[in-house]
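Please examine the sequence and the three-dimensional structure shown below. The explanation that follows starts from a single residue and then widens to the chain.

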Amino acid sequence: SEELHSQHSSGESIEKAWGLLQELIERERQEESNFGTAPDLFNTILKTAARSKAHRENVLNVAQSTFCAMRASRFRLTFQSYTWLLEVFLKVLSSANDDERRANLITEVFQQCCKDGLLSRPFVNRLIDGPFYNTGWTKQESVRLCTELWTSPTFPPGWTRELKDKSHLPL
């Protein structure tokens, strides 16, 4: 049980799940078996990376790789895929040393989320409601970044089709 706790806090179990998914992706690509991937496999890894206690760089790498693999697959990303990836960014890149990298990644995923028409209330809420830390990803940093994101050009209607309550916008 101590070994299992260590795997959960280090992200090893998430890495193992990603390794198994990669194996399925490869088998499917080579048409080696009747087994294949499913959207839930990708999203489960993203959700686990977001919600686990693990907050090391390997968790971020697995989440980004999983997200990219899902985008490249025959399956469509969902608003949840974007929200879970954002949660990983906020958790793993929470320190002040990560401010620039975090802002760049959030901006990139926000723009892609909008382009895909998947901007959602949970995504917006995660940005404006935290969790926040004493340094790094603070409420003030959230306000600064959200102000920057929302002062971009006007969103085409399709970009925000999942955002039903406009009062959740931070501005």
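Val 59 lies in helix 4, which comprises residues 57–72. The model in which it is seen is a predicted one. Is Val 59 buried or exposed? With a relative accessible area of 1%, Val 59 is buried, because residues under 20% are counted as buried. The chain also brings Val 59 and Val 88 together in space: they are 29 residues apart along the chain, and their C-alpha atoms are separated by 7.6 Å.

From this residue one may turn to the chain as a whole. The chain contains 8 helices and 0 strands, so that its elements, read from the N terminus, run α-α-α-α-α-α-α-α. Of its 171 residues, 42% are buried. Contacts between residues at least 6 apart in sequence can also be considered, and 68% of these join residues at least 24 apart. The surface that the chain exposes amounts to about 9,600 Å², of which carbon and sulfur atoms supply 51%.

The interior comes next. The largest nonpolar core has 45 residues, and those that touch the most other members are Tyr 82, Val 88, Ile 106, Phe 123 and Leu 127. At least two residues of this core come from each of helix 2 (12–29), helix 3 (39–51), helix 4, helix 5 (79–92), helix 6, helix 7 and helix 8. Helix 5 gives the largest share of the core, with 8 residues. Leu 127 illustrates how such a residue is surrounded. Apart from neighbours within four places in sequence, Leu 127 is in contact with Leu 86, Ile 106, Phe 132, Trp 137, Ser 142, Cys 146, Leu 149 and Trp 150.

Several of these partners belong to the buried part of helix 8, where Glu 141, Ser 142, Leu 145, Cys 146, Leu 149 and Trp 150 are buried. Viewed down the axis of helix 8, the buried residues fall within an arc of 150°, and therefore they line one face of the helix. Helix 6 (99–115) and helix 7 (121–129) are among the elements that cover them. The length of helix 8 can be checked as well: its 12 residues, 139–150, should span 16 Å at 1.5 Å a residue, and its end C-alpha atoms are indeed 16 Å apart.

Helix 2 can be read in a similar manner. It has 18 residues and reaches 26 Å from its first C-alpha to its last, close to the 26 Å expected at 1.5 Å a residue. Within helix 2, Ile 14, Trp 18 and Leu 21 are buried. These residues cover an arc of only 65° around the axis, so they lie on the same side of helix 2. The buried residues of helix 2 pack against helix 3 and helix 4. After helix 2 comes Glu 31, whose phi is positive, near 50°.

A final point concerns the cysteines. A disulfide is a covalent bond between the sulfur atoms of two cysteines. How many disulfides does the structure hold? The structure holds 0 disulfides. Cys 68 has a relative accessible area of 51% and is exposed, because the limit for that class is over 50%. Cys 146, by contrast, counts as buried, because its relative accessibility is 1%.

Definitions and conventions
Residues are numbered from 1 along each chain as its sequence is written. This is a predicted model: local features need pLDDT of at least 70, side-chain atom pairs count only at pLDDT 80 or more; totals for chains, interfaces and linings use all residues. Side-chain values use heavy atoms; hydrogens and water are left out. A disulfide is a pair of cysteine sulfur atoms within 2.5 Å. Buried means under 20% relative accessible area, exposed over 50%, partly exposed in between (1.4 Å probe, protein chains only). Helices (H or I, at least four residues) and strands (E, at least two) are DSSP runs, numbered from the N terminus. The expected span of a helix is 1.5 Å times one less than its number of residues. The arc is that of the directions from the helix axis to the C-beta atoms. Contact means heavy atoms within 4.5 Å. Accessible areas come from the Shrake-Rupley method with a 1.4 Å probe; for residues, only the protein chains shown count as cover. A nonpolar core is a set of buried Ala, Val, Leu, Ile, Met, Phe, Trp, Tyr and Cys residues joined through side-chain atoms within 4.5 Å.
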